[in-house]
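Please take a moment to look over the sequence and the model that follow, and then read on for a guided walk through some of the contacts between side chains.

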Amino acid sequence: MEQQQRKILYHYTDFQAVDGILRCAQLRVNNVLTMNDSAEMRHFMNRLRTAISERLVHDGYSAQAGQLQALFAQEMKKEYSAFAACFSFHRDDAAQWERYGNRGRGVCVAFRREYLQRIARGALSLQAVFYQDDMTGHPMVERFCGLVRDGAELSGENPDLREAMRDAWACSVSFKHPSFSTEYEMRLVVSPFEQDNFGVQPCYHITKERIKKYYPLDLLAMCGEIGIGMEDLVAEIIIGPDSTQSMAIFQDYLRDNGLHGLVDRVSLSDCPLRTMVL
């Protein structure tokens with residue numbers, strides 16, 4: 001059963017977004033730094049910096065540890081934009097509905113992992129999220145310490161050091177604080193350093209408070225490239241536990257938009273989550 005569940009990835013969202021996914025065949029990858037867990041990339045870099053410094057001090061490289069600390073401090077002043085769409089292995093999950101499914105009033109689209117993996121090419125990759133606070137054993141610690149042992153120049157001009165720093169930022173996109181570990185998440189990620197070569201033009205969503213940047217993925221075209229259709233990609237659709245959406249009308253919506261194969265894959269949530277009325 002566990003192996004079967006891993007074949008499906010669940011995307012919890014609202015009805016406006018699901019209209020974009022189903023009718024427009026467009027999946028947005030949004031800026032990680034604007035998500036509700038926006039500090040995760042910087043948290044990773046801070047914990048990595050601490051682990052590297054502790055290892056170097058332990059190995060007798062206290063001066064170099066201080067130099068790397070300073071370099072990391074400069075690096076942390078920058079803002080690298082990574083973009084992602086988030087999925088969970090959890091089906092019809094209360095916490096997912098509450099956090100990402102418009103507090104249970106939204107909808108969940110189930111995607112077949114195999115096909116998402118196949119459409120993730122070039123700058124786009126499907127990555128498992130790792131939940132780890134202690135970076136002592138992370139491979140990037142040894143990467144930086146190895147540069148120090150090899151006598152590398154510890155300056156921002158050193159190409160080997162710059163490459164290591166870029167790779168550290170890339171690792172940070174698939175990191176979340178351990179308090180989120182129950183989300184059991186995967187991400188469809190646009191690398192923070194490959195956006196110029198991505199081939200997808202960015203778009204901007206304007207709200208009263210700010211401007212948000214995102215990349216619209218053309219699901220129809222991407223599915224076509226691997227020889228499948230939208231109805232092959234989507235395994236099921238679950239209407240949220242606190243939604244007032246009529247299942248019959250939602251099924252009419254699918255029929256009228258040519259998605260006949262998805263009509264019988266719609267169900268109502270069995271989750272007991274309900275909005276508290278005070």
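**From one leucine to the wider structure**

Leu71 has its place in helix α4, which covers residues 62-75. The model in view is a predicted one, and this leucine is a convenient place to begin reading it. Because its relative accessibility is 17%, and buried means under 20%, Leu71 counts as buried. Once its neighbours within four places in sequence are left aside, Leu71 is in contact with Leu154, Ser155, Gly156 and Leu161. Separation along the chain and separation in space can also be set side by side here, for Leu71 and Ser88 are 17 residues apart in sequence, while their C-alpha atoms are 35 Å apart in space.

From this single residue we can turn to the nonpolar cores. In soluble globular proteins, nonpolar side chains tend to be buried together. In this model the largest nonpolar core has 43 residues, and those with the most contacts inside it are Leu22, Leu116, Leu188, Leu233, Ile237 and Leu254. Leu254 shows what such contacts look like in detail: not counting residues up to four places away in sequence, Leu254 touches Leu22, Ile237, Leu259, His260, Leu262, Val263 and Val266. A second core, separate from this one, has 32 residues, among them Leu48, Val148, Leu154 and Ala168.

Charged side chains make up the next part of the picture. Side chains of opposite charge can pair when their charged atoms come close. A search of the whole structure finds 10 salt bridges, one of which joins the side chains of Arg23 and Asp19 at 2.8 Å, N to O. Arg23 itself counts as partly exposed, because its relative accessibility is 46%.

Another salt bridge brings together the side chains of Asp167 and Arg143, with a distance of 3.0 Å from N to O. Asp167 lies in helix α8 (residues 159-172) and Arg143 in helix α7 (residues 139-149), so this pair ties together parts that are 24 residues apart in sequence. Both partners count as partly exposed, Asp167 at 29% relative accessibility and Arg143 at 30%.

Helix α11 offers a pair within a single helix, where Arg255 forms a salt bridge with Asp252 and the closest N and O atoms are 2.9 Å apart. These two residues are separated by about one helical turn, because they stand 3 residues apart in helix α11, which spans residues 247-256. Arg255 is partly exposed at 37% relative accessibility, and Asp252 is likewise partly exposed, with a relative accessible area of 37%. Elsewhere, Arg55, Glu142 and Arg149 are joined into one network by salt bridges that share partners.

What remains is to consider the aromatic rings. A pair of aromatic rings is described by the distance of the centres and the angle of the planes. The count for this model comes to 8 aromatic pairs. In one of them, the rings of Phe250 and Tyr253 have their centres 5.6 Å apart and their planes at 40°, so the pair is tilted. Phe250 and Tyr253 both lie in helix α11, 3 residues apart, which is about one turn of the helix. Phe250 counts as buried at 4% relative accessibility, whereas Tyr253 counts as partly exposed at 22%. Together with Phe15, these two residues form one aromatic cluster. A ring can also meet a charged side chain, as where Arg28 lies over the face of Tyr214, at 3.9 Å from the ring centre.

Conventions
Residues are numbered from 1 along each chain as its sequence is written. This is a predicted model: local features need pLDDT of at least 70, side-chain atom pairs count only at pLDDT 80 or more; totals for chains, interfaces and linings use all residues. Side-chain values use heavy atoms; hydrogens and water are left out. A nonpolar core is a set of buried Ala, Val, Leu, Ile, Met, Phe, Trp, Tyr and Cys residues joined through side-chain atoms within 4.5 Å. Buried means under 20% relative accessible area, exposed over 50%, partly exposed in between (1.4 Å probe, protein chains only). Contact means heavy atoms within 4.5 Å. A salt bridge is a side-chain nitrogen of Lys or Arg within 4 Å of a carboxyl oxygen of Asp or Glu. Helices (H or I, at least four residues) and strands (E, at least two) are DSSP runs, numbered from the N terminus. Rings of Phe, Tyr and Trp (its six-membered ring) pair if their centres lie within 6.5 Å; planes under 30 degrees apart count as stacked, over 60 as edge-to-face and the rest as tilted. A charge sits over a ring if NZ of Lys or CZ of Arg is within 6 Å of the ring centre and within 35 degrees of the ring normal.
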